[in-house]
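Opening a fresh page for this one. I want to know what I can trust before I look at any side chains.

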Amino acid sequence: MAQASKLMASSHSGVHFISGLNHQRRPSLADLPKSSLKPVKSNSKISPYTVLENSSATFRRCSVVKHIKFLGRGCSNLPIRDPHFSASAKSLERGEGGQPVPSSWIEAIFPEQARPYAYLVRLDKPAGTFLFAWPCMWSLAFTANAGTLPDLKMLAFFFLVSFMSRNIACNINDYFDKDFDSQVERTKGRPLASGAIAGFQALLFLAIQLLLGYGVLFAVNKLSRLLWVSSLPWIFTYPLMKRITYWPQAYLGLTVSWGAAYSWAAVKGSLDPAIVFPLVLAFFFWTLEFDTIYAHQDKEDDVKVGIKSTALLFGDSTKLWISGFAAASIAGLALTGFNANIGWPFYGLLAAASGHLAWQIWDVDLSNPADCSRKFVSNIWFGAIVFGAILCGRLFS
């Protein structure tokens with residue numbers, strides 16, 4: 001058995017209990033010199049002592065640490081860097097039968113070697129996929145004839161296309177940003193930033209996704225395929241925009257909103273500028289609104305590493321700017337509906353969607369990263385309300 005390092009831990013809430021360690025003899029508080037024991041306040045039911053750094057307590061363990069659990073108020077599972085743990089391990093808790101309890105469905109489903117790739121494309125964070133999909137869903141809903149619903153197969157197909165497009169975007173974004181991500185608290189655990197995946201492996205994975213994406217689009221017409229391909233340069237260069245301009249959110253808006261064009265073309269075989277372009281602009285301004293809120297999560301770290309964003313550009317004026325973006329988005333949607341001769345229910349539900357954006361902007365605490373994240377995710381529901389508005393407008397037009 002290899003010699004383990006000295007245990008050095010302190011907690012405001014109690015003693016750290018370590019289980020699952022294979023050792024010859026479990027040290028106890030009685031073995032420690034009195035100088036290493038210090039009373040602390042605690043609400044837990046464990047002994048109110050903590051082991052100080054000068055403690056001589058040592059442990060011996062086997063080559064694989066199987067289970068570490070921290071108890072007491074204010075404590076949590078902490079990331080442990082050990083060569084025997086997989087890079088994708090998120091939790092060391094064990095359930096019945098001593099089996100690890102996964103912290104994500106990814107760890108429950110994917111084999112260990114595949115998990116970093118699943119985290120690379122954010123399979124555990126589906127909000128981005130929905131935001132990529134909404135311009136396609138809105139556009140397809142507008143293609144429906146009066147009194148009918150859009151083609152359900154097309155809806156499912158372009159949700160898949162949006163899923164693949166978003167995966168490609170995450171992959172290339174993390175490849176370019178891996179050095180920055182390693183310095184940002186929120187992103188330093190991403191597979192490329194943490195070293196769980198090498199750069200060459202990420203590029204190979206990206207090539208596979210590009211081939212699959214283009215192959216899938218052979219199910220639709222040539223114009224739709226070419227419009228999708230035309231969005232790839234924007235996807236590839238978006239991460240670089242954060243280095244050279246304070247408006248990377250605008251670049252992202254153009255990238256994502258283009259889905260309205262290639263999904264429309266797949267059904268109609270051509271583009272109707274009076275409907276498609278106002279719809280693209282509506283999604284463009286909405287992206288500026290929600291991605292500026294998203295960027296406020298990392299603004300302190302972004303300043304340190306030299307990343308630019310509209311969050312840093314607008315500063316204390318952010319709410320005024322994003323209110324303007326939200327109004328422009330609603331206006332674009334209203335113009336699209338008018339040009340499409342859509343029914344009156346569309347406008348009633350669009351007013352409800354406007355209320356959601358107003359609440360979002362009014363209530364968001366831009367100094368609280370957790371609240372910025374919640375408001376960003378809530379945009380899924382704005383997209384859903386607009387989608388429902390278009391469906392009802394077509395059914396009752």
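My entries follow, from confidence to single residues.

**Entry 1: confidence.** This is a predicted model, so I went to pLDDT before anything else. The protein chain averages 81, and 74% of the residues score at least 70. Where is confidence lowest, and where is it highest? The low end is strand S2 (residues 49-51), with a mean of 37, and the high end is helix H13 (residues 318-339), at 98. I marked two stretches to handle with care. Residues 1-26 stay under 50, though the model still gives them 65 contacts beyond four places in sequence. Residues 34-102 are also below 50, with 131 contacts in the model beyond near neighbours in sequence.

**Entry 2: overall make-up.** I counted 16 helices and two strands in the protein chain. Of its 397 residues, 46% are buried. I also looked at contacts between residues at least 6 apart in sequence: 70% of these join residues at least 24 apart. The exposed area comes to about 19800 Å², and carbon and sulfur atoms supply 63% of it.

**Entry 3: cysteines.** How many disulfides does the structure hold? The count is zero. I looked up two cysteines anyway. Cys136 counts as buried because its relative accessibility is 0%. Cys170 is buried too, at 9%.

**Entry 4: cores.** In soluble globular proteins, nonpolar side chains tend to be buried together. Here the largest nonpolar core has 72 residues, and Trp138 and Phe158 have the most contacts inside it. I listed what Phe158 touches, leaving aside neighbours within four places in sequence: Cys136, Met137, Leu140, Val220, Ser224, Tyr262, Ser263 and Ala266. There is also a second, separate core of five residues, with Ile106, Ala118, Val121 and Leu123 among them.

**Entry 5: helix H10.** I checked H10 (residues 273-295) for length. Its 23 residues reach 31 Å from first C-alpha to last, close to the 33 Å expected at 1.5 Å a residue. H10 is mostly covered, with 17 of the 23 residues buried.

**Entry 6: two prolines in loops.** Pro150 sits in the loop between helix H3 (127-143) and helix H4 (152-181). Is Pro150 buried or exposed? With a relative accessible area of 8%, Pro150 falls under the 20% cut-off, so I wrote it down as buried. Neighbours within four places aside, Pro150 contacts Leu140, Ala141, Ala144, Leu155 and Leu391. Leu140 is also on the list for Phe158. Arg394 is 244 residues from Pro150 in sequence, but their C-alpha atoms are 9.1 Å apart.

Pro126 is in the loop between helix H2 (115-120) and H3. I have Pro126 as partly exposed because its relative accessible area is 46%. Its C-alpha is 9.8 Å from that of Arg166, 40 residues away in sequence.

**Entry 7: positive phi.** Which residues other than glycine caught my eye here? Arg122 has a phi of about 60 degrees, and Asn341 has one near 55 degrees. Arg122 lies in the loop between H2 and H3, and Asn341 in the loop between H13 and helix H14 (345-363). Their surroundings go opposite ways: Arg122 is buried, at 9% relative accessibility, whereas Asn341 is exposed, at 64%.

Methods:
Residues numbered from 1 in each chain as written. Predicted model: local features only at pLDDT ≥ 70, side-chain atom pairs only at ≥ 80, totals over all residues. Heavy atoms only, no water. pLDDT = per-residue confidence, 0-100. Helix = DSSP H or I, 4+ residues; strand = E, 2+ residues; numbered from the N terminus. Contact = heavy atoms within 4.5 Å. Buried < 20%, exposed > 50% of the residue type's maximum accessible area, 1.4 Å probe, protein only. Areas by Shrake-Rupley, 256 points an atom, 1.4 Å probe, with all protein chains shown as cover. Disulfide = S-S within 2.5 Å. Core = buried A, V, L, I, M, F, W, Y, C linked by side-chain atoms within 4.5 Å. Expected span 1.5 Å × (residues − 1).
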